[in-house]
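Reader: Could you walk me through this structure slowly, since I am new to reading models like this?

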Amino acid sequence: MKLGVFGLNSKATIGPAATARLAARCEELGYDSWWVGEHVVLPSPRVPPAPMEPTDAILDPLVHLAFVAGVTERMLLGTGIIILPQRNPLVLAKQVASLEMLSSGRFLFGIGVGYLEPELNAIGVTLAERASRTDDHLAAMRALWYDEAPVSFDGRHTQFAGIDAHPRPSARIPIIVGGRTAGALRRTIEQGDGWYGFFLDPQQAAESVEALRTAREQFTRPVELGELEISVTPRGPVTAESLSAYADAGVDRLIVYPLPVDDEADVDRFVAQQAELVLG
């Protein structure tokens, strides 16, 4: 079982000293990956389903991961997830290619459609078009990364012609698709190197893996994508019992979340305990 950590771009661990120390600590403990999510803005006052208070600090994932890339050597660096429909695909393609270069190819591009309507609306995106924007933006970014110059793209939401952008990725950037909707499952099979389920217990993880198997029978998976890697953030700390259940469900990586992220020392103890249990 691979082991990652999630969410340390927020609250008590956002400072440079804490980030550098905890990243080095996790790498030393054997964590294979460091994952962060994003919320550009949050509704104020807080309304459901907002996961955080509007005053809770959360760093931009790509800026944060660029810093972590500079203080680590081995860990993969993942977005879990970037809310793709609310990003400009050309700007994001440049940012991702830059991070891929600065991290020596360690970046995992986790994407999702988003769910927090006040945030989407504030950025100019509606819930109704979030899925179509996600597919459109991902296709536009891939055109910029991999198509021969001059690059052109004519999508539903994005159009450009006669352009190019460098640096280009040194290799194909892994796409990790988050979400349990029918659209997310389709997107995973057709375009994803991996799938990410958030806050799932072992039974929910097993159900999701089975849903992905069903989707694999319905949609065509390109041969070059290979086997699908399954990553899950558990709902709470991993125990010996749940570790076995996640493995039986077909999970390849557990991405633990040291909630609450309110005290650096508590986070340190949590990541050490989870590494001892999962990695031995």
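Author: What follows is a short talk about two packed helices, some unusual backbone spots, a buried residue and a surface patch.

Author: This is a predicted model, so local features need pLDDT of at least 70 and side-chain atom pairs count only at pLDDT 80 or more, while totals for chains, interfaces and linings use all residues. Residues are numbered from 1 along each chain as its sequence is written, and side-chain values use heavy atoms, with hydrogens and water left out.

Reader: How do H2 and H3 pack, and at what angle?

Author: Two packed helices are described by the angle between their axes and the distance between the axes. Here H2 and helix H3 (residues 89-102) pack at about 10 degrees, with their axes 10 Å apart. That makes H2 roughly parallel to H3, a label for angles under 35 degrees. Helices here are DSSP runs of H or I with at least four residues, strands are runs of E with at least two, and both are numbered from the N terminus.

Reader: Which residues of H2 and H3 make the contact?

Author: From H2 they are Leu-62, Leu-65, Ala-66 and Ala-69, and from H3 they are Leu-92, Gln-95, Leu-99 and Leu-102, where contact means heavy atoms within 4.5 Å.

Reader: Changing topic, where are the cis peptide bonds you can point to?

Author: Most residues other than glycine have a negative phi, and most peptide bonds are trans. A cis bond joins Gly-80 and Ile-81, with omega about 10 degrees, and Ile-81 lies in the loop between strand S3 (76-79) and strand S4 (82-83). Another cis bond runs from Leu-259 to Pro-260, with omega near -10 degrees, and Pro-260 sits in the loop between strand S11 (253-256) and helix H9 (264-279).

Reader: And what is the phi of Phe-199?

Author: Phe-199 is not a glycine, although its phi is positive, at about 55 degrees. Phe-199 belongs to strand S9 (residues 194-200).

Reader: Is Ser-231 buried or exposed?

Author: Ser-231, in strand S10 (residues 229-234), is buried, because its relative accessible area is 1%. Buried means under 20% relative accessible area, exposed over 50% and partly exposed in between, with a 1.4 Å probe and protein chains only.

Reader: What does Ser-231 touch?

Author: Leaving aside neighbours within four places in sequence, Ser-231 is in contact with Trp-195, Tyr-196, Gly-197, Arg-253 and Ile-255.

Methods
Axes are lines fitted to C-alpha atoms, for helices over the stretch in contact, and angles run from 0 to 180 degrees between N-to-C directions. Angles under 35 degrees count as roughly parallel, over 145 as roughly antiparallel, 65 to 115 as roughly perpendicular and the rest as oblique.
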